[in-house]
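Please walk through the fold shown here, beginning from a single position in its interior and working outward to the surface.

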Amino acid sequence: MADHQVYLGLGSNLGNRWENLEQAIRFIDEQVGPVTRQSSFIETEPWGFQSDNRFLNAVILCETDKTPREILRLTQQIERDMGRHKNVNRRLTNRNYTDRPIDIDILLYDDLSVDEPDLKIPHPLMYERDFVMLPLREINNKL
């Protein structure tokens, strides 16, 4: 039984962006929990780095029985399965953000606050990002 609501932000700027988002939503629906709301897809400029590849972004709402830590593990596995590789040389290149076929961020989980080194809920930068807030407001009229 799904006891929790989790909002996830999705982004893609490599490959077939539309299909990448659709595939990620299917995987999330199967592995995290039923997707009950989905925003429109919006095209945006890269945020935090330079790239010729524009992003396609969306926000979804899932009903889940998973903990935030389980959701983080599952979404990171989905990213890897879809071809995302974290920049292991980030310190050398000074790049925190790179082109990617899929990015999945936990935005909100019920009214929970989490502040751990690798997991922060609410997402600490979401209010600075129109590509998160516009689709989030589309599916959650309380924000």
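In this predicted model, leucine 8 touches Ile28, Ala58, Val59, Ile60, Cys62, Ile71, Thr75, Ile104, Asp105, Ile106 and Leu107, when residues up to four places away in sequence are not counted. Leu8 is also named, together with Val6, Ile28 and Ile106, among the residues with the most contacts inside the largest nonpolar core, which has 25 residues. To this core at least two residues each are supplied by strand E1 (4-12), helix H1 (17-31), strand E4, helix H2 (68-81), strand E5 and strand E7 (119-121). A second core, separate from the one just described, has 11 residues and includes Leu107, Leu108, Phe131 and Met133.

Phe131 and Met133 lead on to helix H4, which spans residues 130-139 and in which Phe131, Val132, Met133, Pro135, Leu136 and Ile139 are buried. The cover over these buried residues of H4 includes strands E1 (4-12), E2 (35-38), E3 (42-44), E4 (55-64) and E5 (103-109).

It helps to place these elements in the chain as a whole. The protein chain contains four helices and seven strands, and read from the N terminus its elements follow the order β-α-β-β-β-α-α-β-β-β-α. Of its 143 residues, 44% are buried. Among contacts between residues at least 6 apart in sequence, 69% join residues that are at least 24 apart. The accessible surface of the chain comes to about 8,200 Å², and carbon and sulfur atoms account for 46% of that surface.

A charged residue is found among the buried positions as well: aspartate 105, in strand E5, has a relative accessible area of 19% and therefore counts as buried, the limit being under 20%. Aspartate 105 touches Tyr7, Leu8, Gly9, His123 and Arg129, again not counting residues up to four places away in sequence. Arginine 129, one of these contacts, lies over the face of tryptophan 47, at 4.2 Å from the ring centre.

What aromatic pairing is there in the model, and how are the rings arranged? The count of aromatic pairs comes to one. The rings of tryptophan 18 and phenylalanine 41 have their centres 4.4 Å apart and their planes at 65 degrees, so the pair is edge-to-face. This pair links distant parts of the chain, since tryptophan 18 belongs to helix H1 whereas phenylalanine 41 sits in the loop between E2 and E3, 23 residues apart. Phenylalanine 41, at 14% relative accessibility, counts as buried.

Two further acidic residues take the reader outward. Glutamate 116 is found in strand E6, which covers residues 114-116, and with a relative accessible area of 33% glutamate 116 is partly exposed. The side chain of glutamate 116 makes a polar contact, at 2.3 Å, with the side chain of arginine 69. Is aspartate 52, by contrast, buried or exposed? Aspartate 52 has its place in the loop between E3 and E4, and at 80% relative accessibility this residue counts as exposed. Aspartate 52 and aspartate 99 lie 47 residues apart in sequence, while their C-alpha atoms are 9.3 Å apart in space.

Notes. Residues are numbered from 1 along each chain as its sequence is written. This is a predicted model: local features need pLDDT of at least 70, side-chain atom pairs count only at pLDDT 80 or more; totals for chains, interfaces and linings use all residues. Side-chain values use heavy atoms; hydrogens and water are left out. Buried means under 20% relative accessible area, exposed over 50%, partly exposed in between (1.4 Å probe, protein chains only). Contact means heavy atoms within 4.5 Å. Accessible areas come from the Shrake-Rupley method with a 1.4 Å probe; for residues, only the protein chains shown count as cover. A polar contact is a pair of N or O atoms within 3.5 Å; within protein, one must be able to donate a hydrogen and the other to accept it, and residues adjacent in sequence count only if both atoms are side-chain atoms. A nonpolar core is a set of buried Ala, Val, Leu, Ile, Met, Phe, Trp, Tyr and Cys residues joined through side-chain atoms within 4.5 Å. Rings of Phe, Tyr and Trp (its six-membered ring) pair if their centres lie within 6.5 Å; planes under 30 degrees apart count as stacked, over 60 as edge-to-face and the rest as tilted. A charge sits over a ring if NZ of Lys or CZ of Arg is within 6 Å of the ring centre and within 35 degrees of the ring normal.
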